[in-house]
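Subject: Structure handover

Hello,

Here is the structure for you to look through. My notes on it follow below.

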Amino acid sequence: MVAYRNELEVANELPLLAVRDVVIFTDMILPLYIGRDVSMAAVEAALAGSKQLVIAAQKILHQDNPDPDDLYKIGAVAQILRQSRLPDGRLKILVQGLAKARVVEVLARDPYIKVGLEVIEEPPAPAESVKLEALKRNVREKSQKIMSLREVLSDEAVSLLEGLDDPGRLADLVISNLQVKVTEAQKVLEAIDPQERLSMVNDILSQELKVATMQAKLDSETREEMDRSQKEFYLREQMRAIKKELGDDVGRDDETLEYRARIKNARLPKRVASEVARQLTRLEWMHPDAAEAAIIRSYLDWIVELPWSVNTRDRLDLREAKKVLDADHYNLQKVKDRILEYLAVMKLNHRQKGPIICFLGPPGVGKTSLGQSIARAMGRKFVRFSLGGLKDEAEIRGHRRTYIGALPGRIIQGLKTAGTNNPVFMLDEVDKIGSDFRGDPASALLEVLDPEQNANFSDHYLNLPFDLSNVMFITTANFLDSIPQALEDRMEVIYLSGYTAEEKVAIAKKHLIPRLTRDHGLKPGLLTIQDSAINQVIAGYTQEAGLRGLDRKLAAICRKVARKVAEGRDKPYRVTQAQLARFLGPPEVLPEPERLEGQSGVATGLAWTESGGEIMYIEVRAMLGKGNLTLTGQLGEIMRESAQTVLAYVRAHAVELGLSRDFFDSQDIHIHVPAGAVPKEGPSAGTALMTALLSALLDRPAPKNLAMTGEITLRGQVMAIGGLKEKALAALRARVKRIVIPRQNKKDLVELPVSLKKKVEFILVDDIQELLAVVFPDFRFQPAPAKREAPRLRRRPPRPRRRAQAQPT
């Protein structure tokens, strides 16, 4: 046995009790709840003996069955003062710390931990000094301030603090009543020197005082807010009673409460919430029948119904997105790759701004439906707004609230309809925007379609910034020429060309016919249309780059079959090429009359139109005359300039081309392009004009199965053209298998379908000589005659001037 303070004796071997979140100090009294089996066995062993046990804190708090190695080596010997058993089987004991002790060895582990210990004697108090006295006063004052801030300061606590002069006991008393971490309390417990221990407690008190001060400040602010809310409630009740006495509509209070609830649920940005609160306050003090009250109500309704903080989660599974795009659209690989690239970037960088894409192409190629598929692939909402014929800038930016019937612009309206702030927003027909005295909508779109500006898009009606940077804008257009340059610069243009006949057949079989049979109520397998019949519909009943005409003709076939089925003739129908006339009548599209072999003065050109490509015969006749050039066939300004350029080149190189120098002085030339009722314009008819003109002047027929496209210069160079795929498809429809194109368009051959390149031979030329070598294989340029040097004129020496002689008077 070891004597301690001449009052109690502590045994050298005692049961060990592990505790989770508390450190026992000398003279500290506190209750403990015992629930673990090993802990209950240790308590029962102590109760059977001297009622003493060693209490040590766990190093890992959440550990349920700690080993002796998981406990701190220094703990406290405690005396069990009282014990009771709870209804749930646990033990409740009241213990008091007697002395510090160090565990020196583990004697047993089962059924409880029994250890050998060594009592740590408290060293004598240090001699009084100024530093020690200042330290004790600091500890007392900080303890009193903390208790005062926590509103637990009492006279007994002050007397107890003032009555303790021993630094070690003062430190143990203060630290045992602070809510500090186990690690910090354990450090204080392990400090043996009283003054050192008191200094550590002083540092902890400084930090706790800051925390207590902040807690008191927060409590004060909360209390003030509650007092303010109670005051507002009291005043509002008084206002309600006053209004009731005055006969005002009491239902307005319910309206105000409803607006406040909607504003809270809308999760508005800080600036927007401030403006809404100001408008709501104005509405509260305004007479309900005032004209401006209705304007404010409409304004608040728009604000709270907009998706300020609502967005849809993007579907970033690239494989699933590719399946959706492939299921909805045939081919269009370039567009699909661009969308998948955007999704890949979004997957790696969630802060990526939405792209602004412009789908450019002829009608019916699937621009609008492609936008819907993109929205479905990304898991976003889809909004469409047509810009065709739009002339009022307010349709984009909204009207000022001062106008009667003012509304936000179509952009904000579309976002409200979508219910999210990141939909796929399609602006259709961006090339058909107009302008008048009401403003220029194209200029208003510059802010909407600029990723660097639309994060703070301001609608005139809202007069508040709305973030459009998460919206994926897609525009569509048929022509690029009518789009302002500044607006075109903000968009990524992706060209959608027309479909080949093979692509149309595949789309009809995969998409159009199944959808049409389903829409017309026909059962699967009831209607079958052969590929040859579909090809005949494409060639004989439609003339377009897209699919709308084909869709209408197939729908007509489905209607005819649906009528027969409704009349009771329910049997499978198989539509062949020979039966098309019974369903659709005679062919509506007559092919261009074929050229006769051996005709001079005729060449086959290729033209691009908004509905695809077309062949264009150019006819030239030379006749006796006085050197006049006549152009007919509603040629545009560019084609007229091309004709004049061709004639100038031929006149400049007449001898090399086998013509006389003055051939044009005695001849008139007439250039005509048939189908005179159709205006013709475009910078790609130079080669065809050159071929037709030389064919007429040289009386050499151009090959019948050869078409050409390209513009020429006065130097004889052949310049690049656009719309190569459409022109090649037009040649293929006219059964022309050879096409002469500028060599600069060689890069465009990569994007043409493989099936088209197998059926059409593309001949690349750089200048007029290579063109004529293809058109007239046996023609050779004649060397130009050497220019004779003009005789030099001798200058006569100046005559000497005579001197004036004096005349006699």
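How many of the ten residues of helix α23 (residues 724-733) are buried? Eight of them are, so to speak of α23 as mostly covered is fair. The buried residues of α23 are Leu 724, Lys 725, Glu 726, Lys 727, Ala 728, Leu 729, Ala 730 and Ala 731. After α23 comes Arg 735, which has a positive phi, near 60°. Please keep in mind throughout that this is a predicted model.

Overall picture

The protein has 25 helices and 26 strands. Its radius of gyration is 48 Å, while the globule rule gives 28 Å for 809 residues; the value is well over the rule, so the protein is more spread out than a compact globule. Taken along the principal axes, the box filled by the C-alpha atoms is roughly 150 × 130 × 80 Å.

Of the 809 residues, 46% count as buried. The accessible surface of the protein is about 44300 Å², and carbon and sulfur atoms account for 50% of that surface. Among the contacts between residues at least 6 apart in sequence, 73% join residues that are at least 24 apart. As for charge, there are 119 positive and 110 negative side chains, and 10 Å separates the centres of the two sets.

Strands β5, β6 and β7

Strand β6 (residues 74-85) has two antiparallel partners among the pairings I noted. With strand β5 (residues 52-57), β6 shares four bridges. In this pairing Gln 52 is opposite Gln 79 of β6. With strand β7 (residues 91-108), β6 shares eleven bridges. Here Ile 80 has Val 95 in β7 as its bridge partner. The strands β6 and β7 make a hairpin, with five residues between them. One residue of that turn, Gly 89, has a positive phi of about 95°.

The loop that follows β7 and leads to β8 (114-120) contains Pro 111. The peptide bond from Asp 110 to Pro 111 is cis, and its omega is near 5°.

Strand β18

Is strand β18 (residues 602-609) largely enclosed or open? Six of its eight residues are buried, so β18 is largely enclosed by the rest of the structure. It pairs with strand β22 (residues 706-708) in the parallel sense, over two bridges. In that pairing Thr 604 is opposite Ala 707 in β22.

Met 378

Met 378 belongs to helix α12 (residues 367-378). Which residues does Met 378 touch, leaving aside those up to four places away in sequence? They are Arg 313, Asp 314, Arg 315, Tyr 342, Leu 343 and Met 472. The relative accessible area of Met 378 is 0%, so Met 378 is buried. Val 324 lies 54 residues from Met 378 in sequence, and their C-alpha atoms are 9.3 Å apart.

Two aspartates with positive phi

Asp 27 and Asp 699 each have a positive phi without being glycine. For Asp 27, phi is near 70°. Asp 27 is in the loop between β3 (13-19) and β4 (29-34). Its relative accessibility is 30%, so Asp 27 counts as partly exposed.

For Asp 699, phi is near 55°. Asp 699 is in the loop between α22 (686-698) and β22, and β22 is the strand that pairs with β18. Is Asp 699 buried or exposed? With a relative accessible area of 58%, Asp 699 is exposed.

Gln 769

Gln 769 is in helix α25 (residues 768-775). At a relative accessibility of 45%, Gln 769 counts as partly exposed. Gln 769 and Thr 630 are 139 residues apart in sequence, and the distance between their C-alpha atoms is 26 Å.

Regards

Technical notes
Residues numbered from 1 in each chain as written. Heavy atoms only, no water. Pairing = 2+ DSSP bridges. Rg over C-alpha atoms; globule rule 2.2 N^0.38 Å. Buried < 20%, exposed > 50% of the residue type's maximum accessible area, 1.4 Å probe, protein only. Contact = heavy atoms within 4.5 Å. Areas by Shrake-Rupley, 256 points an atom, 1.4 Å probe, with all protein chains shown as cover. Lys, Arg positive; Asp, Glu negative; His and termini not counted. Charge placed at Lys NZ, Arg CZ, Asp CG, Glu CD.
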